[in-house]
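Thanks for asking me to look this one over. Here are my notes, set out point by point so that you can follow along on screen.

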Amino acid sequence: TVLTEDDRTGTSVETLRRAFMDNLFFVQGRFPEVATKNDHYLALAYTVRDRLLLRWLNSAKTYRDQFSRTVCYLSAEFLLGPHLGNNLINLGLYDAVAEAMQQTGLDLNVLLDQEEEPGLGNGGLGRLAACYMDSLATLEIPAIGYGIRYEYGIFDQEIRDGWQVEITDKWLRYGNPWEIARPEITLPVKFGGSTYSYTDDQGRYRVVWQPHQMVQGIAYDTPILGYKVNTANLLRLWRAEAIESFDFQAFNTGDYYGAVNEKIASENITKVLYPNDEQLQGKELRLMQQYFLCSCALQDMIRLYLQCSSDLTRFHHKFTVQLNDTHPAISVAELMRLLVDEHLLPWDTAWDITRQTFAYTNHTLLPEALEKWPLPLFGSLLPRHLQIIYEINQRFLDQVRLAYPGDQERLARLSIIDESECRYVRMANLACVGSHAINGVAALHSELLKQTVLRDFYELTPEKFSNKTNGVTPRRWMVLSNPGLTRLISNHIGEDWIKHLDQLRRLEPLAEDAGFAAEWHAVKHKNKVRLAEYIQQRVGISVDPSSIFDILVKRIHEYKRQHLCVLNIITLYQRLKDHPNLDITPHTFIFGGKAAPGYYKAKLIIKLINSVAEVVNTDPTVADRLKVVFLPDYNVTCGQRVYPAADLSEQISTAGYEASGTGNMKFALNGALTIGTLDGANVEIREEVGAENFFLFGNTVEQLQEIWRNGYRPWEIANNNPMLKRVLDLISCGHFSHGDTELFRPIVEHLWQNDRYCLLADYQSYVDCQEQATRLYRDQKQWVKMSILNVARMGKFSSDRAIREYCEDIWRVQPVHVPLAD
Ligand code: 26Y
């Protein structure tokens with residue numbers, strides 16, 4: 001038995017308190033009287049980090065000793081959110097640390113608020129990668145996440161005069177206690193230049209790539225701990241730096257400024273996250289980022305492999321690599337280059353290894369979001385990869401010709417090179433050809449993939465295709481963010497559900513229990529009060545916690561149809577103006593989300609929301625029955641406040657456009673009911689919770705296809721619907737823009753004329769459904785019962801379930817238990 005605990009690993013309140021004081025003194029160099037909040041936060045972070053490192057080292061040692069099969073998750077984005085709270089939950093130390101802080105005269109919540117979240121992602125795709133890292137560790141699967149250490153993450157959003165303003169995200173400003181720099185893990189990455197070939201003295205054909213530029217990738221490691229296990233996996237992010245020797249060369253020849261410029265150019269590669277989701281602009285720096293990530297990651301895997309074995313032909317037995325969308329798809333050509341050019345494997349051997357190594361997840365059906373790179377740009381930056389892609393393509397198209405003799409059109413569609421107008425490299429085609437498995441992220445999405453963007457690949461190799469419906473981690477999105485609900489659930493069914501989310505089913509019988517329902521309602525109300533306080537403090541709007549909290553938070557995009565929600569708000573407003581005494585359910589609409597800086601329409605939607613908010617919130621006729629709030633700078637931290645306080649979750653994308661959605665899952669797991677279309681994972685959520693517990697509206701994918709086939713005429717819909725017409729006219733006439741009739745014209749005009757995302761086709765159905773939902777909200781008993789049933793039946797949407805499916809069907813990898821040696 002241990003008599004005294006080690007200060008670095010002990011977990012008693014007393015030891016934690018002592019370790020904290022120690023770190024404040026010896027790491028931060030502060031005595032209590034002058035320590036700032038940030039000193040306190042860092043001292044606590046280092047205290048927690050020590051406990052992580054113990055588990056991390058044990059994991060690393062176990063994996064190395066066993067040469068464990070390892071999942072590598074390659075992603076240009078990891079939207080982690082703050083570490084401190086999550087690590088405390090996963091370590092099981094939350095309450096002990098809260099107590100230790102209290103004894104020190106500090107409030108843990110204040111320290112938690114100090115953390116600047118690493119916003120290394122845009123939205124759903126980056127957050128999915130983070131949830132999957134959590135589940136991999138929790139399921140004790142050896143895994144490495146490979147990504148980019150952007151110096152500036154997703155921009156901070158401010159709202160000025162109703163418009164979005166972007167502020168750079170200097171997330172590393174006060175240091176990052178969660179990462180460990182590994183300057184000794186440094187890998188070279190080449191760009192540009194040219195290639196030449198020769199036959200070596202053993203008669204082998206060899207290609208040499210003589211680059212124009214060379215940078216080095218430096219590894220920064222962050223431990224990712226599983227929930228109440230000893231497994232701590234590795235998130236390895238790469239930062240680009242100039243290669244020292246290059247500088248000196250230039251310096252010696254006298255070109256000092258040239259050398260400095262070179263250094264700056266190199267370091268620009270990992271300077272900033274591109275803030276576009278869905279819409280690609282063919283920017284050279286973006287391609288450099290993607291290649292930089294892939295080259296570093298694959299070189300690192302080969303380096304790790306060669307530490308234990310010299311036989312690279314079994315590489316795919318040690319590593320399985322998941323491509324998070326096409327952003328890392330250049331990996332296919334890079335692994336071929338490394339195996340063939342640098343490790344001298346025969347082409348066919350290398351190709352077998354490559355295809356057995358990679359699997360590809362698609363996240364979008366939007367045709368304009370499919371990545372393609374202009375050939376001249378691609379060839380000038382990656383000349384060797386272009387040759388390799390040509391070779392891959394030639395061999396691939398030979399097989400296609402065999403399968404479909406004479407079908408030239410199919411050949412052109414399947415080709416990795418788009419030869420239509422300008423020539424492009426199609427990254428999705430490269431990913432499909434170079435992978436043994438291809439998946440979509442929700443059942444509907446995976447079906448549509450097979451019918452639309454990847455149809456030809458499906459017909460060619462149907463056995464590669466599967467569905468892996470997304471999931472979210474209940475640790476961050478319930479236990480950490482909603483302690484009230486977590487306590488209530490655990491008091492009744494124990495804590496098993498946190499790792500086995502299906503166990504939430506055991507709540508079903510409690511839906512009929514009046515006492516339980518009352519407690520459930522009280523938890524939600526408390527969360528709403530807390531959000532109301534935050535809204536008051538953040539934007540100065542007072543909202544009534546007993547009004548229905550109807551929330552729409554996600555990136556701003558036309559297909560996500562935030563403006564459809566606005567049309568309903570104006571409809572309600574119009575009704576109140578027509579009938580000032582109308583008895584409506586008091587209603588608080590809450591929006592949040594960022595627009596890509598170059599996406600004008602999306603920014604105009606933000607302006608529209610804020611403009612409508614200004615009018616509605618101050619109109620005496622409305623008399624506080626309607627409130628509209630736009631929460632600035634929606635991010636993971638903000639999400640953690642918002643989901644627990646929602647009554648109604650808005651999931652209103654045009655059917656067929658949202659690949660899955662994951663916010664829909666976070667809301668429902670926190671007891672919100674969903675109003676939504678049959679899109680993405682909504683379909684499966686509705687299946688699970690029951691149609692009677694889901695507010696469904698809008699046209700289905702098939703109905704919309706039919707509408708477009710018959711010629712969609714939105715103006716006819718508007719002219720035939722008096723309320724809709726009034727709503728549109730009210731925007732046009734400047735009612736929400738101080739008389740400016742031009743401001744919102746791009747939005748309203750588009751709805752009348754074209755309406756690509758079919759808002760008008762779904763308008764009446766949405767308004768009716770909203771009315772039904774808000775009427776039902778008045779029956780609190782019924783509402784609470786539906787809320788309980790929703791949570792009870794949402795177990796499927798744990799990222800643990802999703803990761804188990806990937807492990808079994810795609811990765812063929814098993815858990816490795818990590819014992820704690822001391
Ligand atoms: C190429 C670049 C411009 C780009 C950058 C980021 C393209 C796309 C993205 C991000 C896409 C994204 O977040 N997609 C979302 O992925 C989620 C996780 O699978 C889905 O739930 C969601 O429906 C989908 O829009």
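The points below go from the domains to the ligand shell, the core and a few single residues.

1. Please keep in mind throughout that this is a predicted model.

2. Let's start with the domains. The chain splits into domain 1 (1-66 + 83-116), domain 2 (67-82 + 117-469 + 806-811) and domain 3 (475-797). Between the C-alpha centres of domain 1 and domain 2 there are 35 Å.

3. Next, the contact between domain 1 and domain 2. Here 22 residues of domain 1 meet 21 residues of domain 2. On the domain 1 side, helix H2 (37-66) and helix H3 (84-91) each contribute at least two residues, and H2 has the largest share, with 13 residues. Sorted by class, this side of domain 1 holds 9 nonpolar, 9 polar and 4 charged residues.

4. For the ligand, you may want to display the surrounding shell. Of its 23 residues, Gly124, Leu125, Asp277, Ala659 and Ser660 come nearest. The shell consists of 6 nonpolar, 13 polar and 4 charged residues. Both domain 2 (67-82 + 117-469 + 806-811) and domain 3 (475-797) provide at least three residues each to the shell.

5. Lys666 deserves a point of its own. UniProt, in an unreviewed entry, lists Lys666 under "modified residue: N6-(pyridoxal phosphate)lysine". In the model, lysine 666 belongs to helix H25 (residues 663-669). Is lysine 666 buried or exposed? Lysine 666 is buried, because 30 other C-beta atoms lie within 10 Å and 20 or more are enough for that label. Setting aside neighbours within four places in sequence, lysine 666 contacts Val472, Trp477, Gly639 and Tyr643.

6. Now the interior. The largest nonpolar core counts 240 residues, and those with the most contacts inside it are Cys72, Ile569, Ile609, Val612 and Val629. Helix H9 (residues 284-308) gives this core its largest share, 10 residues. If you zoom in on valine 612, you will find Val566, Ile569, Ile570, Val628 and Phe736 touching it, not counting residues up to four places away in sequence.

7. Helix H26 (residues 682-689) is a good place to look at packing. Its buried residues include Asn682, Val683, Glu684, Ile685 and Val689. What do the buried residues of H26 pack against? Their partners are helix H17 (443-451), strand E22 (648-651), H25, strand E23 (673-676) and helix H32 (780-792). H25 is also the helix that holds lysine 666. Just after H26, glycine 690 adopts a positive phi of about 100°.

8. Two further residues make a nice pair to inspect. Cysteine 807 sits in helix H33 (residues 799-811) and counts as buried, because it has 20 C-beta neighbours inside 10 Å. Leaving out neighbours within four places in sequence, cysteine 807 is in contact with Ile141 and Val813. From cysteine 807 to arginine 204, 603 residues apart along the chain, the C-alpha separation is 39 Å.

9. Phenylalanine 31 lies in the loop between helix H1 (13-26) and H2. Why is phenylalanine 31 called exposed? Phenylalanine 31 is exposed because 11 other C-beta atoms lie within 10 Å, and the label applies at 12 or fewer. Its C-alpha atom is 8.7 Å from that of methionine 21, with the two positions 10 residues apart in sequence numbering.

Technical notes
Residues are numbered from 1 along each chain as its sequence is written. This is a predicted model: local features need pLDDT of at least 70, side-chain atom pairs count only at pLDDT 80 or more; totals for chains, interfaces and linings use all residues. A nonpolar core is a set of buried Ala, Val, Leu, Ile, Met, Phe, Trp, Tyr and Cys residues joined through C-beta atoms within 7 Å. Helices (H or I, at least four residues) and strands (E, at least two) are DSSP runs, numbered from the N terminus. Two residues are in contact if their C-beta atoms, placed from the backbone, lie within 7 Å. A residue is near a molecule or strand if its C-beta atom, placed from the backbone, lies within 6 Å of it. Ala, Val, Leu, Ile, Met, Phe, Trp, Tyr, Cys and Pro count as nonpolar, Asp, Glu, Lys and Arg as charged, and the others, Gly among them, as polar. Domain bounds come from an automatic or database domain assignment. UniProt positions are given in the numbering used here, feature names are shortened, and annotations may be inferred rather than shown by experiment.
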